[in-house]
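Here is a friendly walk through one model, helix by helix and loop by loop. Have the viewer open as you read along.

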Amino acid sequence: MPLEFPVNAGRRNVRAARRKLSEKEPYVGRGPRTTSPRMDFLVLFLFYLAAVLVGGATICVCSRTSYLRGLVRGGTQVFSYIIPECLQRAMLSLVHYLFHTRNYVFVVLHLTLQGMVYTEYTWEVFGYCRDLGFSLCYLLLPYLLLVVNLAFFTLSSVTDPGAITKANELLLLQVYEFDEVMFPKDARCPTCDLRKPARSKHCGVCDRCVHRFDHHCVWVNNCIGAWNARYFLLYLLTLTASAAAVAVVSTTLLVRVVVLSDLHLETRVDDLGHAQVIDIFLLVQYLFLTFPRIVFLLGFVVMLSFLLGGFLCFALYLAATNQTTNEWYRGDRAWHQRCSQVAGAPSAEPQVYRNIHSHGLWSNLGEIFLPAAAAAHYEKKRT
Ligand SMILES: [Zn+2]
Ligand SMILES: [Zn+2]
């Protein structure tokens, strides 16, 4: 029997929603388009998702080796032969403006994307879910996460990350031990003309030295350092949670639509005129063509949840082991450089940079979430 989208729902609380849903024109089972469902939205989406995740993981793994830098250099050289010089200069200026100056481009992009996701969620997902009798608390959870996320986003963006000045230079010099590998004791910042405390770094974008420098984040247009690392971690956590919450609600809605419509029990007619059971590929294709914006939103937030989840795991790993992104990235290279400079370095020494700042999980997390208490603790220990 060819598939028809059923309209006579048996339950009163879904009748209105079903009426709305049935107004949409399904085409499944009505012609040749249903007979070649394999290369459909689901397959393409899974392909893109796998490509993005593998690409992200490769960049992450290779970023500490010279392989990626060599690849980028080679790619740049190839492009320099292909692209006209004026276009190259324009691209370099754009890259310089976007990544080497403080600007609000990524902040605006971030808020626009977030606004678009929540507009679609409110416009369609929320309305259909209400009609289908979803609990209000469940539907409001993404909004709650959005509010908390925006609060931590603002705090990450406006809080001083730990700028080193003449006034706090001496105090901050006392906080961390110098390891003489990445952080030699008598180093000075040539730009700020200040002594460099251990674990600090000069941020070229903000033009200042930052205490316990992690990285400069273009999405919040600020450095991440000792005083705002906690806000950034919570910002990342709530951003991942809000993307995952929107993904879960949208998935639940689509599954409910399929179940209430008995769509999964229906059959379609193949090329030879035989009735075939609807499979997952055809179901997703059907949903994509019936609810294109919701399925597109779902694909986007699922991809975002994976990417942000990966970045969150990395940030939590660094927090738990008391490392900054800067130390994780430069540590081993700095150690090898030092080994090659020091004649007769003992071969028994480990071949990797030794992190001297880790003092156990809770102490490490305390340093992120209570930076003032941690600084006072180090100061007391030294006096
Ligand atoms: Zn500096
Ligand atoms: Zn910065």
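α6 passes α8 in a crossing that is left-handed, a term used when the near helix is turned anticlockwise from the far one by less than a right angle, with right-handed for clockwise. Helix α6 covers residues 136-158, and its axis comes within 8 Å of that of α8, at a crossing angle of roughly 155 degrees. Axes here are lines fitted to C-alpha atoms, for helices over the stretch in contact, and angles run from 0 to 180 degrees between N-to-C directions. α6 and α8 are therefore roughly antiparallel to each other; angles over 145 degrees earn that label, under 35 counts as roughly parallel, 65 to 115 as roughly perpendicular and the rest as oblique. From α6, the residues that meet α8 include Leu139, Leu145, Phe152 and Phe153, and the α8 residues that meet α6 include Tyr231, Phe232, Tyr235 and Val249. A contact means that the C-beta atoms of two residues, placed from the backbone, lie within 7 Å.

This is a predicted model, in which local features need pLDDT of at least 70 and side-chain atom pairs count only at pLDDT 80 or more, while totals for chains, interfaces and linings use all residues. Residues are numbered from 1 along each chain as its sequence is written, and chains are lettered from A and ligands numbered from 1 in the order in which they are written.

α8 has another partner in helix α10 (residues 292-320): the two axes come within 8 Å and cross at roughly 150 degrees. That angle is why α8 and α10 are roughly antiparallel to each other, and their crossing is left-handed.

The table sets α4 and α8 against the expected span, which is 1.5 Å times one less than the number of residues.

| Helix | Residues | Expected span | End C-alpha distance |
|---|---|---|---|
| α4 | 85-100 | 22 Å | 21 Å |
| α8 | 229-260 | 46 Å | 46 Å |

α4 is hardly covered, with zero buried residues among its 16. Buried means 20 or more other C-beta atoms within 10 Å of a residue's own, exposed means 12 or fewer, and partly exposed lies in between, with C-beta atoms placed from the backbone.

The UniProt record, an unreviewed entry, places "transmembrane region" at residues 41-63, 136-155, 232-259 and 294-320; its positions are in the numbering used here, feature names are shortened, and annotations may be inferred rather than shown by experiment. In the model, residues 136-155 are 100% helix, with end C-alpha atoms 29 Å apart. Residues 294-320 are also 100% helix, and there the ends lie 37 Å apart.

Now for the loops. Asp193, in the loop between β1 (188-189) and β2 (194-195), has a positive phi of about 55 degrees although it is not a glycine. Asp193 is exposed, because it has 8 other C-beta atoms within 10 Å. Asp207 also has a positive phi of about 55 degrees, and sits in the loop between β3 (201-203) and β4 (208-210). With 11 C-beta neighbours inside 10 Å, Asp207 counts as exposed.

Is Met182, in the loop between α7 (169-173) and β1, buried or exposed? Met182 is buried, with 20 other C-beta atoms within 10 Å. Its C-alpha atom is separated by 6.9 Å from that of Gly331, 149 residues apart along the chain.

Overall, the protein chain has 13 helices and eight strands, defined as DSSP runs numbered from the N terminus: H or I of at least four residues for helices, E of at least two for strands. Buried residues make up 28% of its 383 residues.
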